[in-house]
Each structure stands twice: as structure tokens, then as C-alpha cells.
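User: I would like a close look at one part of this model, the surroundings of its ligand, and then at how that part sits in the rest of the chain.

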Amino acid sequence: MAARVSSEPVTRPAVGDELELRVDSLAFGGAGVARLSGYVVFVDGAFPGDLVRARVHHRKRAYAQARATELLEPGPDRVPALADHPGAPWQELAYERQLEVKQSQVEEALRRIGHLDGFELSPIVPAVEQWRYRNKLEYSFAGAAGAGLRLGFHEPGSWEQIHHVEDCLLASEAGNRARNEVLEWCRAQQLEPFDRRARSGFLRNLVVREGRRTGQLQIRLITTPGELDSASLADAVNADSMLWTRTDALGETSAGGQTALLAGEPTIDEELGGLVLRISAEAFFQTNTEMAERLYALAREACDLHGWERVFDLFCGTGTIGLGLAGRAGHVDGLEIVESAVADAIANAERNDIANASFYAGDVRLAMRELRERAGRPDVVVVDPPRAGLSQKVVRRIIETAPRRIVYVSCNPTTLAPNAAQLAEAGWRLERVSAVDMFPQTPHIECVALLSR
Ligand SMILES: C[S@@+](CC[C@H](N)C(=O)[O-])C[C@H]1O[C@@H](n2cnc3c(N)ncnc32)[C@H](O)[C@@H]1O
């Protein structure tokens, strides 16, 4: 392959080209950014200051994407890797630097994408645990029946290659033990991994979820339709909740399918912010319990409640945010699309003796007007949408409800920015933004923004 250096005149590289590139920054999503005479190349596996050899795998008019194949000269913030783990792509970047990058990416998104200014940016809250912080992990099966069966994570950018893990350093020891028990049992049973290309085989995924404060553990095995010796599995694996989901979905997903309880309880409990929370298998729950507590505390502070306010908790999941606000609010109304999560939220209100919170199943895109008619005008609206953020229509619906404060919990500053800009145009002022590091060793960013009028 041709080796080109960054000082050559602009010629767009071709797919398969090997380039020598000096990386100067990190982009949203975590790739290194290098320039070939102005033409941008995003380089996975490279950090600022690195000189790398990288192979181009995608090329567009304005940029190319490449993967580092050799580190020729390390940048100043490189540290040795601790784990051979596709889920920790930033582990070779010093933790302090990870925090700085995340903080500046929040600011950059708001200023450059949202054209917003004049807001206070609080210092990012560092993670309490830099490893073993996740309470949920989803693994994929691969290999062959018997001793050749593997269980781990997709290699970056690959739907086929699975990186086997023995000790996942993002999971607790208990979570690792449960995963390995399931793997050993599947090996002994000679079960075949699912082959997506051939559409044959049985074992698809394993989800291990933990209540970090309660010690409760749930495993959910996801397979194609077929037979399973559930009594033997229940004997082999030590878990408080054991579920089996059968699905013939084409793509790899742990959502949907038919789920049966094999042993124990259908849900597990977690403790957070003084609440005991029930979590169903299909319900979203923040994957870093410790840092979720800090995130929600910031959201609570931003709400600035005095005991009489009506609060909407949109995208409420199991009610975690709204239930934490109820003690200082007049009434909380939560809206969430996953029915089992809404059932959890209602149960969670009861078990924590919270009488001033109601939860409804519905799509925020369609149910906002009905919620407003049913519940009245909110004083404070909390939103916590998925990565795609809010559609312009949902932002318009929020504007119609005219709350005094909008507290936006975001897992993606690049979608928070246009949403905040639309709200700013409608009269709300972006006052304050605080980032929380929920996901050390990864480029993921979580933050809380306060808008008021
Ligand atoms: C980032 S999670 C936040 C959940 C919750 N606030 C928490 O902290 O645990 C986003 C939630 O939005 C829900 N969701 C996604 N799309 C939705 C929609 N169109 N309408 C209502 N809820 C939706 C998801 O099921 C998920 O529970």
C-alpha cells in the first residue's frame, strides 16, 4: 500500500490506503482527528500528539475514517492499557485528560453547534470508580459448540468478530463470575452460537445486570427459538433472577422477543439516592449507579424546588429522577414508552411511600398534550432522552407547556446543543451546564443543563 505523509498536497486517500498521520485532537464519539493538508481523517485508536500509521476504511468527500494500525510516536497523554477490552477505547488516554476532553466537548457542542453563549460551565464531576463501574453488560456468543465457545464484545466496527473476555474490567467480580458460569454451562451443554451470516445456531447474547448496592444479580440469556434445560442452568448459575429470551430477530438486539422466568424473581432491586428501586429486564437504568446518584443530585439542584411545583419527568424510565424530586415537589408526572419500566416506576413510588407521583405509559412525541390536559401546566420539565435527543416537534410541545425551568439530562451534547438552541430561540436562557463522568475509559459524555425564563 502507498504510504503518504500529512505534508503532501490535498489528495483524498482511497479506502485501503495506509497513511502516516499526526493526531491533533479528539472528535465527538472518540476518534482522533488528523489532517492531510486540510482534509480531515478521523482515526480510531489514536490520541492527541500520536504519530500513527492508519488504514483508511471509509472515504467521503469531506473526510475519511481510518483505524490506527501502528503507533509510531506516542502523544504526551498516553498511559499503558490495563485491559484488552473493546469497551474501553480511551483507556490509553490519561484519566485527567479524558475529563478535560469531555468538558471541552460539552462546551464546544453548545457554542459551535448550538451557537449558545453566556452559560456557566461547572467543572466536570470525575467518576468515583475508573474501572468495574458498570451495573449492566451485554455480551455476544461466538466460536463453536463446546470448548471453542466464546463470549465477549464485538471488535470495534465489526458485527461478526467477537472479542472473548475472561475478566471484564468494566464489570464487578460477581458479574464476571456469573458470566463465566453461564459460559461453562453452555460449553458443557454443547450449545451452538448463533451465526448471523448462516442464520443458524442458538446462543445469541447474555445480559448480566446487578444491583450494586443490593448485591442482587440478574442474568438474561438470549437465544433463537429452541429448547433449553432450564433446571440445569438454574443449578449451574448463582443469580437472583434468571430469564430466557427467545427471538428470531434478524439484527443483534436484546430488546423484544419472548421472555420467560427460569428462576428467582423477574426483577432486581437497586438503591439510589435513598430510594429502593425495582428494575425490570427491559427497563432502562443508568449503568453507573454511583455516578447516577451524582447526576440526579445535579438535576435536583437545577430544578430548585420549594415543595409546591408540578414537575413533568419526561423519558422517566423506572422513575428514578422523578421519585427523587417528589419530596420537594407538589406533584410529579412521569412519561415513558416502555410499559414494564412504567410499571416499575409505579411500584417504586409505592414501595418508597411516595404518594405525589404518577407515571404514564406513552410516547413523548404523541402524549405531551394529553399529559398537559390531564396534569395541568408544569412549573418544571425534566427531560432525559436517548442519544438522538428531542425532535423539533417534542421541543415545540415542551415550549407549549411553558414551564419556568427545563432541566435537560443529556447523554449526547451534540443533540443537546440544537435542542437547547431551539429553546433559547423560544425565550429560555441556557443558565448552567454540568458534566458528570459516568463512563470512564470511553468517549461517552453525560451532562445536566438548566434552562430557565
Ligand atoms: C436515557 S433513558 C432515561 C431514563 C430515566 N430518566 C433514568 O434516568 O433512568 C431514556 C428513556 O426514554 C425512553 N424513551 C425512548 N423513547 C421514548 C419516547 N418516544 N417516549 C417516551 N419514552 C421514550 C426509554 O425507554 C428510556 O427509558
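By class, how many nonpolar, polar and charged residues does the shell around the ligand have?

Analyst: In this predicted model, the shell around the ligand is made up of 13 nonpolar, 4 polar and 4 charged residues. Together 21 residues surround the ligand, and the closest of them are Phe284, Phe315, Gly317, Ile337 and Asp384. Two or more residues of this shell come from each of helix H5 (320-326), strand S18 (331-336) and helix H7 (364-375).

For the wider setting, the chain is divided into domain 1 (3-73), domain 2, which joins the segments 99-129 and 288-452, and domain 3 (136-270); the C-alpha centres of domain 2 and domain 3 are 32 Å apart.

The largest nonpolar core has 127 residues, and those touching the most other members are Val43, Leu295, Ala299, Val382, Val407, Ala420 and Ala449. Helix H4 (residues 289-303) gives this core its largest share, 8 residues. Apart from neighbours within four places in sequence, Ala299 has contacts with Ile321, Val382, Val407, Val409 and Val448.

Over the whole chain, which has 9 helices and 23 strands, the radius of gyration is 23 Å, close to the 22 Å that the globule rule gives for 453 residues, so the chain is as compact as a globular protein of that length. Buried residues account for 44% of the 453 residues, and among contacts with a separation of 6 or more, 60% link residues 24 or more positions apart.

Key
Residues are numbered from 1 along each chain as its sequence is written. This is a predicted model: local features need pLDDT of at least 70, side-chain atom pairs count only at pLDDT 80 or more; totals for chains, interfaces and linings use all residues. A residue is near a molecule or strand if its C-beta atom, placed from the backbone, lies within 6 Å of it. Helices (H or I, at least four residues) and strands (E, at least two) are DSSP runs, numbered from the N terminus. Ala, Val, Leu, Ile, Met, Phe, Trp, Tyr, Cys and Pro count as nonpolar, Asp, Glu, Lys and Arg as charged, and the others, Gly among them, as polar. Domain bounds come from an automatic or database domain assignment. A nonpolar core is a set of buried Ala, Val, Leu, Ile, Met, Phe, Trp, Tyr and Cys residues joined through C-beta atoms within 7 Å. A residue is buried if 20 or more other C-beta atoms lie within 10 Å of its own, exposed if 12 or fewer, and partly exposed in between; C-beta atoms are placed from the backbone. Two residues are in contact if their C-beta atoms, placed from the backbone, lie within 7 Å. The radius of gyration is taken over C-alpha atoms; the globule rule is 2.2 Å times the number of residues to the power 0.38.
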